[in-house]
Every structure is written in structure tokens, then in C-alpha cells.
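Got your viewer open? Let's take a walk through this one, selecting a few pieces at a time.

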Amino acid sequence: RKPYLPLSLLPVSTRMRIEPINDDGFVTLDLKLKGNQSAPKYFGTILLDDFNLTQNSGFISVIKGLNGKLLLDNQIMKIEYLNIPIETTPLVIKGFIDSEKIITSFNIAGNGLNVTVLKDLITQSGLQPPIVNDIIPDGKLNLNLDIFIDKDKAPEIKGSIGFDNLGALLL
């Protein structure tokens, strides 16, 4: 029998984000909730192992085999690693999100990434950069990007992107 966490113990705002989702896989939680119900503070670790995101999570296609370690410290979530499988190659994300200061800093890296799948992930995440629509879906992509976002400034993106048999329609 699998252990379970009764959702009724979580704050209403948290339950609203969890209840409609039907993802599966292995999750290890070591969490502490502090504060009152209207302003909960989360501390602890979330481990994801062979986790699958379904279409109920807002993705067009299923993402299978996600692995990651997230650390929660009140308003800061540190992403020690989040390995998102793009076919047989992982897209690795590391960094942090500071909700209090509204600052995000992370690194995205991967080699030999399938461009079609990566394009789908970018679109599914809600981003719509114009170049994405013009990518010819053949080839592979190598990337290593450091991204820093501050609430009062334009995002700062540094790093490298390599293309292998990749094309774009330029009008």
C-alpha cells in the first residue's frame, strides 16, 4: 500500500493547483508547513523519480521519465536539478526562484536535443517567441544558457546555442 497525503490537510490555494492533475510517477516529499492557512510557508525537499506529466498538467504531449530535486525554503525554491527527457537526451535545468524578491536565475543545458520536442515544450510552457514558429523541425540542438530575470529589468540571457542540421524559414 502506498503512503498518501490527505489533500484536505493542505491550504486551499495549494489544493486548487493539485486536485485537477492526474500525473503519475514517484515523488518523495519531506515538507514542513509553517504559518497560517492564508499565508503558508513551505520548507523541505521534493524528489521526483521517473515522474510523468500528463495533458492535465497543461502539456500537449506527455512528458515521461522526469527526474528532479527541488528544495523549498519559504519564498525560495532551489532547483538542484530537473532532468526533462527530450526523447533519449535530457534537458537539464538548475537554479532558483525567489518569490519574495521576484528574481529567477537558472541554467538550461542539453546536447543533441530533438528540436521538434523542444519546440513543443517551449510552446506548452506559455512562451511564444516568434522564431519558434519558423523552425524547420529537423535536426538537433545543443544549448547551455544562463537566464536571470529580475522583476524590474529585461531578462538577461547568456550562453551558447549550437545547431546541427537545423533550419529556419526567414522571410
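**Stop one: strand 2**

Start by selecting Asp50, which is found in strand 2. Before you look around, keep in mind that this is a predicted model. Check the backbone angles of Asp50: phi is near 50 degrees, a positive value in a residue other than glycine. That's worth a second look, because most residues other than glycine have a negative phi. Is Asp50 buried, exposed or partly exposed? Asp50 has a relative accessible area of 42%, so it counts as partly exposed.

Now click on Phe51, also in strand 2. With a relative accessibility of 13%, Phe51 counts as buried, because the cut-off for buried is under 20%. Add Phe26 to your selection and draw a line between the two C-alpha atoms. Phe51 and Phe26 are 25 residues apart in sequence, yet their C-alpha atoms are 5.8 Å apart in space.

**Stop two: the neighbouring strands**

Select residues 41-53 for strand 2 and residues 63-73 for strand 3. These two strands run antiparallel, and eight bridges join them. Want one pair to highlight? Try Leu53, whose bridge partner in strand 3 is Ile63.

Next, add residues 76-86, which make up strand 4. How many bridges join strand 3 to strand 4? Seven bridges do, and here too the strands run antiparallel. Pick Gly68 and look across: Leu82 in strand 4 stands opposite.

**Stop three: the turn**

Go to the hairpin of strand 3 and strand 4, which has two residues between the strands. Select Asn74, which sits in the loop between strand 3 and strand 4. Asn74 is another residue other than glycine with a positive phi, this time near 60 degrees. How open is this spot? Asn74 has a relative accessible area of 28%, so it is partly exposed.

**Stop four: charged pairs**

Show side chains for Glu80 and Lys69. They meet in a salt bridge, at 3.8 Å from N to O. Glu80 lies in strand 4 and Lys69 in strand 3, so the pair ties together parts that are eleven residues apart in sequence. Both ends are partly exposed: Glu80 has a relative accessible area of 30%, and Lys69 comes in at 26%.

How many salt bridges does the count come to? Two. For the other pair, select Glu156 and Lys158, where the closest N and O atoms are 3.3 Å apart. Glu156 is partly exposed, with a relative accessible area of 39%, while Lys158 is exposed at 52%.

**Last stop: the core**

Hide the charged side chains and turn to the nonpolar ones. In soluble globular proteins, nonpolar side chains tend to be buried together. The largest nonpolar core here has 23 residues. To find your way in, select Leu66, Leu82, Ile84, Leu91, Ile93, Ile108 and Leu143, the residues with the most contacts inside this core. You've already met Leu82: Gly68 stands opposite it.

Which strands supply at least two residues each? Colour strand 2, strand 3, strand 4, strand 5 (89-98), strand 6 (103-114) and strand 8 (140-150), and you have them. Which strand gives the largest share? That's strand 2, with five residues, so you can finish back on the strand where you picked out Asp50.

Notes: Residues are numbered from 1 along each chain as its sequence is written. This is a predicted model: local features need pLDDT of at least 70, side-chain atom pairs count only at pLDDT 80 or more; totals for chains, interfaces and linings use all residues. Side-chain values use heavy atoms; hydrogens and water are left out. Two strands pair if DSSP finds at least two bridges between them. Helices (H or I, at least four residues) and strands (E, at least two) are DSSP runs, numbered from the N terminus. A nonpolar core is a set of buried Ala, Val, Leu, Ile, Met, Phe, Trp, Tyr and Cys residues joined through side-chain atoms within 4.5 Å. Buried means under 20% relative accessible area, exposed over 50%, partly exposed in between (1.4 Å probe, protein chains only). A salt bridge is a side-chain nitrogen of Lys or Arg within 4 Å of a carboxyl oxygen of Asp or Glu.
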